[in-house]
Amino acid sequence: MAGGRWRRVASAAWRTLTVWAAGTLTMMILAGILPDFQLQSDNGDSMTRVAITAALGAGAFAILSSLVWPLLVRALLLVPALVLGLVVFFLNGAVLLTALHLIPDGRGEVSPETAVVVAAVMSAVASATGGALAVRDDDAYRRRLYRLADRRRRKNAPDSDCPPTPGTVFIQLDGVGHEVLRRAARDDLMPTVNSWLRDGSHRLTPWRTDWSSQTGASQLGILHGSNHDIPAFRWYEKDTGEVQVSNRPTSAAELQRRAIEHTGDGGLLTVDGASRGNLFSGGAEEVALVLSVAARRGKQNRSRAGYFAYFSDPANAVRTALSFCAEVGREIGQSTHARIRKRRPRVGRGGLYPFIRAFATVVERDVVVAAVIGDMLAGRSAVYADLVAYDEVAHHSGPFSRDAEKVLERLDRSLALLAKVAEHAPRPYRIVVLSDHGQSPGETFLARYGLTLQDLVRAGCGLPVPRKVRRTHSGAEARSAVRAALHRPVEETKEAEERARRAGRRTEPIVLASGNLGLVSFPDVPHRMSREEIDARHPALLATLANHPGIGFLLVRSEEHGAVVLGAQGAEVPVAELADGRGPLADFGPGAADAVRRTDSFPHTADIMVNSWYDPVDGEVLAFEEQIGSHGGLGGAQGRPFLLSPLALSEPVADGGTLVGAEQVHHVLRRWLREGNGPQIPLENSLHRDPTVASFAAAPPEAQDKSA
């Protein structure tokens, strides 16, 4: 307690000295510019003497302003509003004249009309400097959010009382694997998480993803209870001729509609819930920065309202703008250092990437955390928010890099801030932290072999391979969030669909990448091709892929044996006979066989599913995209996220069982909401209403402003 008090005193003293220095410098500059304002005697003074005079004048002006203005404000209450602005300027000038007269030896002189200008400029500089320093301070920031949320709560619901039952806040740390979190807590990179584990208030539970270890599949399963028929991050659908991309607004809306239709209810957050920064709404009526509603036009689209609500406050804008610029500089410095040191593996981090990273690690984090704070202070029952900062940085710097560790430290401060807010909320809150997947390290397939998966497929088909290899797009969620915020289309989706249209007129395959998972489809064949059909058309393709050292295994359908898994040197195992620890899946760990079997049952599984090589010793995979930390397939830490829950909640799985799949995580979270008498999902109601309404119902403007 004493240490925290001294830190606050030191912080306040630092802000005071900085504002004083800014005022001194401003007064010296104005004295050099304005002819009727001087800070030296008629005989002239040294620069040091002028600086001392300016410091005395700035200090006297600040002290007089702090002492006199509270008294003047009371008197000004009687002044008509029309003349109040002019009176304020003249009184401010009078305060400056008084301050200059207090300087010894009469070195400060200014005409009355110039005093008004000087006082106005100094007040503006002092306000901007003090505000910038204050909003960079987490304590000051938290107190400001308290005041804003309290005013909004009194204005919009003055007579409402929150129920005594606890609410639940789910914070998703996108891409943070179980081992990464455990190590960060152990090494005290995340002191908040470490304290929760050390004092026994929380338990840490790993869980296992499906084959498609990426946000689209995991978050859809967690929020809506079904990720059926999500074979990858992006895939081609033969029945519609479209490429679905999880972080494309129209695709996210369609996937959410299908999930609601499949389960028969709106989602985890249907009653008194809020969805912040997610791909999907979870059925919440309070939504901000939710991609599945970003494609809607007009007043019903409130997905970007969180940005406008947040940046309408100048203090928030200053805080985030300063942090944004600092993050851009940090990324440029880190990437330059990595190039100089010739670190490997490494991917390109130039162009717009520093700004995309700053958006993910600063802008989205600040907006989402502020929205969650507003939800907590408004007493909302259930909140689910996604923070994508770590995932974006780990893709380009590596999941165990120092760059990524720095992001974890800042995310931990966000968790500490939310924990502090919970102490002042109108109802008790339980904070659950979880992730949707992890990340596996490793160089790219292109860097190791000099060609992309698409090049390898074309070679196996006997098609020409371009001399100049084109980079694949990164599927990082932050890029889609930037485009959604700017209302720009998803670029790689347009290109993929154009390739699909061109390929549909010929027999060329469509090759799509999702981390270390690849999908090969033949668009001119309306059904899922069999192994025999593929061999008849391209006899060398399957052998070329299966025997390549960068490929772990393939999944294809056989007319004779049903679905089969193919490996190197002619290995072939029917899916029905798959077992963990044997055959082509031997190195991929427990649950791999079941994950492959489930994906094989999906209607939109590609003609050929390709999983990259995996090294069980180093935990490395080979990404088919330009990422040195990847996820999307099987192999390593990418398939092992975590669930950090308070001990007040029941155990996620009983008797030391294993939590498998995002759909099972959904049932755990729903059970926890029931335990706190939280929102009950009204199945009987949602079955009789338009699922898109249940999913996309947007808050009215006044409610949205209150929470975002």
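Q: Which residues of helix 16 are buried?
A: In this predicted model, the buried residues of helix 16 are Leu 453, Asp 455, Leu 456, Val 457, Arg 458 and Gly 460. Each of them therefore falls under 20% relative accessible area, the limit for the term.

Q: What makes helix 16 "mostly covered"?
A: Six of its eight residues are buried, and helix 16 is described as mostly covered on that count. The cover over these buried residues includes helix 15 (445–449), helix 20 (541–546) and strands 12, 13, 14 and 17. Just after the helix, Gly 462 has a positive phi of about 75 degrees.

Q: How many strands form the sheet with the order 12-13-17-14-15-16, and why is its pairing given a single name?
A: Six strands form this open sheet, and the pairing is antiparallel.

Q: What makes strand 12 and strand 16 the edge strands?
A: Strand 12 (510–514) and strand 16 (572–574) each pair on one side only. Pairing requires at least two bridges between two strands. On average, neighbouring strands of this sheet are turned by 20 degrees against each other, direction ignored.

Q: How do you know that strand 14 and strand 15 pair?
A: Five bridges join strand 14 (residues 551–558) to strand 15 (residues 562–566) in the antiparallel sense. At least two bridges are needed, so these strands count as paired. One of the bridge partners is Val 564 in strand 15, which stands opposite Val 556.

Q: Which helices pack on this sheet, and what do they touch?
A: Helix 16 (residues 453–460) touches strand 12, strand 13 (517–521), strand 14 and strand 17 (608–612), and its direction makes about 150 degrees with that of strand 12. Helix 21 (residues 592–600) also packs on the sheet, touching strands 14, 15 and 17, at about 40 degrees to the direction of strand 14.

Q: Why is Ser 397 called buried?
A: Ser 397 has a relative accessibility of 13%. The limit is 20%, and a value under it counts as buried, so the term applies to Ser 397. This residue lies in helix 13 (residues 389–397).

Q: What makes the pair of Ser 397 and Arg 349 a polar contact?
A: The side chains of Ser 397 and Arg 349 make this contact at 3.4 Å. The limit for such a pair of N or O atoms is 3.5 Å, so the distance satisfies it. Leaving aside residues up to four places away in sequence, Ser 397 touches Arg 349, Asp 403 and Ile 628.

Q: Why is helix 7 called oblique to helix 14?
A: Helix 7 (residues 191–198) and helix 14 (residues 402–424) pack at an angle of about 60 degrees, with their axes 7 Å apart. This angle makes helix 7 oblique to helix 14, because it is neither under 35 degrees, nor over 145, nor from 65 to 115. Where they meet, Pro 191, Thr 192, Val 193 and Trp 196 of helix 7 face Asp 412, Leu 415, Ala 416 and Ala 419 of helix 14.

Q: How do you know that the span of helix 9 is close to the expected one?
A: Helix 9 (residues 249–263) has 15 residues and reaches 21 Å from its first C-alpha to its last, close to the 21 Å expected at 1.5 Å a residue. Its buried residues are Pro 249, Ser 251, Ala 252, Ala 253, Leu 255, Gln 256, Ala 259 and Ile 260. Gly 264, just after the helix, takes a positive phi of about 90 degrees.

Q: What do strand 5 and strand 6 form?
A: These two strands form a hairpin with four residues between them, and Gly 241 in the turn has a positive phi of about 70 degrees. Strand 5 (residues 234–237) and strand 6 (residues 242–245) run antiparallel and are joined by four bridges. Trp 235 stands opposite Gln 244 of strand 6.

Q: Why do strand 8 and strand 22 stand at the edges of their sheet?
A: The sheet is open, with eight strands in the order 8-7-9-3-10-21-4-22 and mixed pairing. Strand 8 (286–288) and strand 22 (659–660) each have a single partner strand, so one side of each lacks a neighbour in the sheet. Within this sheet, strand 7 (residues 273–276) and strand 9 (residues 382–387) run parallel and are joined by four bridges.

Notes:
Residues are numbered from 1 along each chain as its sequence is written. This is a predicted model: local features need pLDDT of at least 70, side-chain atom pairs count only at pLDDT 80 or more; totals for chains, interfaces and linings use all residues. Side-chain values use heavy atoms; hydrogens and water are left out. Buried means under 20% relative accessible area, exposed over 50%, partly exposed in between (1.4 Å probe, protein chains only). A polar contact is a pair of N or O atoms within 3.5 Å; within protein, one must be able to donate a hydrogen and the other to accept it, and residues adjacent in sequence count only if both atoms are side-chain atoms. Contact means heavy atoms within 4.5 Å. Axes are lines fitted to C-alpha atoms, for helices over the stretch in contact, and angles run from 0 to 180 degrees between N-to-C directions. The expected span of a helix is 1.5 Å times one less than its number of residues.
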